[in-house]
Amino acid sequence: MSESLSRSVQTDLSDTAMDRRSFLRTGLGGAMFLGTVSVTAGLSGCAIAPAGRDYPMPGAMDQSYEFQFLTRDDIVLFQALLPAMVGPGLTEEPVVRRQQIQATIERIDAGIHQFGPANQKELRGLFDLLNFGLTRVTVARVWSSWENASTQSVDAFLERWRTSGIGLFNNGYIALTKVSNVAFYGHEDHWHLSGYPGPPSWAMDALPQFKDNA
Amino acid sequence: MSLTDRIARGLEAGWKVTDGATLTQNQTHEADVVIVGTGAGGGTTAEILAKAGLSVILVEEGRLYHQKDFKMNELDAYASLYQEGMSRVTKDGAIAILQGRCVGGSTTVNWTSSFRTPAPTLNHWASRFGLDDLTPAAMKPWFDGREQRHNIEPWLADPNVNNDILRQGCEALGWSWEVIPRNVKGCWNLGYCGVGCPTNAKQGALTTTIPGALDNNARLFHGLRADKLVMSEDNISHLQASAMAADGVTPSGVTVDLKARHFVVAASAIGSPGLLLRSDIPDPHDRIGKRTFLHPVNATIAEMPDTVDPYYGAPQSIYSDEFNFSQGVDGPAGFKLEVPPLHPAMSAGVVPGHGEQQIHDLSKLPRLNSVIALLRDGFHPDSTGGTVSLRDDGSPILDYPVSDYLWKGLKDAFYKMAEIQFAAGARKVRLMHLDSPWYSSWAEAKAGIDNLAMEPHRVRLFTAHQMGGCGMGRNPEESVVNSFGEHHHVANLSVHDASIFPTSIGANPQLSVYALAARNSTRLAQKLGS
């Protein structure tokens, strides 16, 4: 971003930061704040378009999924979040682990596509707030870029938002954990982690919609 | 017999069903009656009017899914069958709203509990809102008729363990419990009602009234969003609607105008006020969208000593009304106690947490029980519910501030639910609250609840029941429609869904909607036929 724009954004945000607590206390203040961030994030060169098939997934086996909502920056964000979010459920083996993370982020994207425009707008604001360097540091208090953030620092961030006395942060925590947990634990590949055996096989064997030609 | 797919058979037989995604050019159609919504209210209305010989067009924003699509898979079902892909929440995000968005509406995804409107609720409506033609005695034939139509009777099989824990806890504490009436025929007792019944056993709108209407020449447009009712002088002339692409969420750009003599809105307590607000329907007393009610729900989970398998078996078969009306209909907030099914995606979304703790909690799933409390709102002067308004893009949003009155009831419910679970032998109990640890005894839980912050977001709140927003009443200054669902100011407009309830009802609402819609549609058929 240009130096003058950077300065004006900084002034703008530090004024805001003076009274951040009370400002964020109301949903309206929060929405306005997030709106500001979304605009400045776009101006500052943050990725604003859905990633499509162009996304940073080193060593990904299968690049056939087309992202409809998540941007390249969002994908990096979730690559950092998921090890803290569902960490113990991920395999250590690096190739499989990357596939697990990739597939979960794809499901998050597919799920959000069905959320429709209004809730997508809310999430856009939240993700931009986390992706934009200045607010990542001042609001989320994560010092390094998501790409370089340690799992411990991400966990500490999630814990701060979970225990915060500010409802907007609690709400952000719920939004992030809900989309991640549902996309991860809800998928057949991870049912064993919750001990869910899946639909009864006798019923699947008996029902026409499970036949190959259904 | 339950395996018969009425939808597949009807489509083969040439039902007039149009998928909005297949439309390539703007068009106009005409019928005697246009019905917006295909859930409990819209389906009932369509069948009764079509059987009376009236020409009917049904409009549904969601898509048509039936047995071939119902594969007991949570992620697919939540994305396709629920409003906003299961992400619908109240305005501040504090209450998650589970609501159907498909042909059959919420009846396609509900857990089949089918209660008559409680007598204290109907009596309260009579005295408070002048609805003295809706007394329990007056409504009885309509409940009888709908119980027959939807095969509603108390569940005869044993409850699953999840439900039996509620029974055992109540029994141990000397609190009342009852068996839940369900709308099923030939049920396999699988436990997947919430993701679309895989066996066609559920007798929701999708397998009863919608086929009944289509058999009688009704036309169904699905994947078609009702945008606006257009007034011409004192009446509505037509409905403007937008076709959705095959993804179900993106408008394709094709528009459809639907003309009719009469319009019935049955798009839910959020959708119906939304449509009326978008349409600038006359509203001299500013009532549309006001007094919209939920049954706000809080929940506890318990780790039991033995296997519960809370994902298998009829999801709801036992309830307790011990605390529902016990302090008077308009006293402190009462609540109905039930249990929810727990499948992995639902559990992962409902149990708040991340990291080690989360995987530890979820790994207990086979031994988890959950109890939920459904708070009764709208009966007390301090319990005025929420308000539906329009976002910038015209979509409806429900603002639902949780009043101190409700917080008090929710806290009371936390105590009662934890006590029930320990009385039924729970090893540990956790409240669905950001601050709740696992409690190891009732005494410990009680002390914990004493000090718990009852605040939005921290207390996890849910709801599957939306009511009001187009409330009925005798006085047009405080209501939108009369007791027949007829709009006070627009002669060719009726509302036939839960949005006409002047309060919440204190029970799962589907049978209340079926019965009232049947009564009001029978009258409408007479009026339009003469």
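1. Start at L58(B) in this predicted model. Beyond its neighbours within four places in sequence, L58(B) is in contact with I35(B), T38(B), G42(B) and A46(B). The list continues with A213(B), A218(B), R219(B), L220(B) and F221(B).

2. L58(B) also belongs to the largest nonpolar core, which has 208 residues. It is among the members that touch the most others, along with V34(B), I35(B), V36(B), V56(B), V59(B) and V265(B). Two domains of chain B each give this core at least three residues. Domain 1 covers 6-85 + 100-112 + 115-149 + 189-288 + 471-529, and domain 2 covers 161-182 + 297-376 + 403-455.

3. Next, the strands. β2 (residues 27-36) and β3 (residues 56-60) of chain B pair in the parallel sense over four bridges. V36(B) has V59(B) in β3(B) as its bridge partner. Helix α2 (residues 40-51) of chain B joins β2(B) and β3(B) in a β-α-β unit, and this unit is right-handed.

4. β2(B) has a second parallel partner, strand β11 (residues 251-265) of chain B. Nine bridges link β2(B) and β11(B). Within this pairing, T28(B) stands opposite D257(B).

5. Now the contact with chain A. On the chain B side, 45 residues are in contact with 40 residues of chain A. Helices α3 (74-81), α9 (344-350) and α10 (355-362) of chain B each supply at least two residues of that side. By class, the chain B side has 20 nonpolar, 15 polar and ten charged residues.

Terms used
Residues are numbered from 1 along each chain as its sequence is written. Chains are lettered from A and ligands numbered from 1 in the order in which they are written. This is a predicted model: local features need pLDDT of at least 70, side-chain atom pairs count only at pLDDT 80 or more; totals for chains, interfaces and linings use all residues. A nonpolar core is a set of buried Ala, Val, Leu, Ile, Met, Phe, Trp, Tyr and Cys residues joined through C-beta atoms within 7 Å. A residue is buried if 20 or more other C-beta atoms lie within 10 Å of its own, exposed if 12 or fewer, and partly exposed in between; C-beta atoms are placed from the backbone. Domain bounds come from an automatic or database domain assignment. Two residues are in contact if their C-beta atoms, placed from the backbone, lie within 7 Å. Ala, Val, Leu, Ile, Met, Phe, Trp, Tyr, Cys and Pro count as nonpolar, Asp, Glu, Lys and Arg as charged, and the others, Gly among them, as polar. Two strands pair if DSSP finds at least two bridges between them. A crossover is right-handed if, with the strands pointing away from the viewer, the path from the first strand over the helix to the second runs clockwise.
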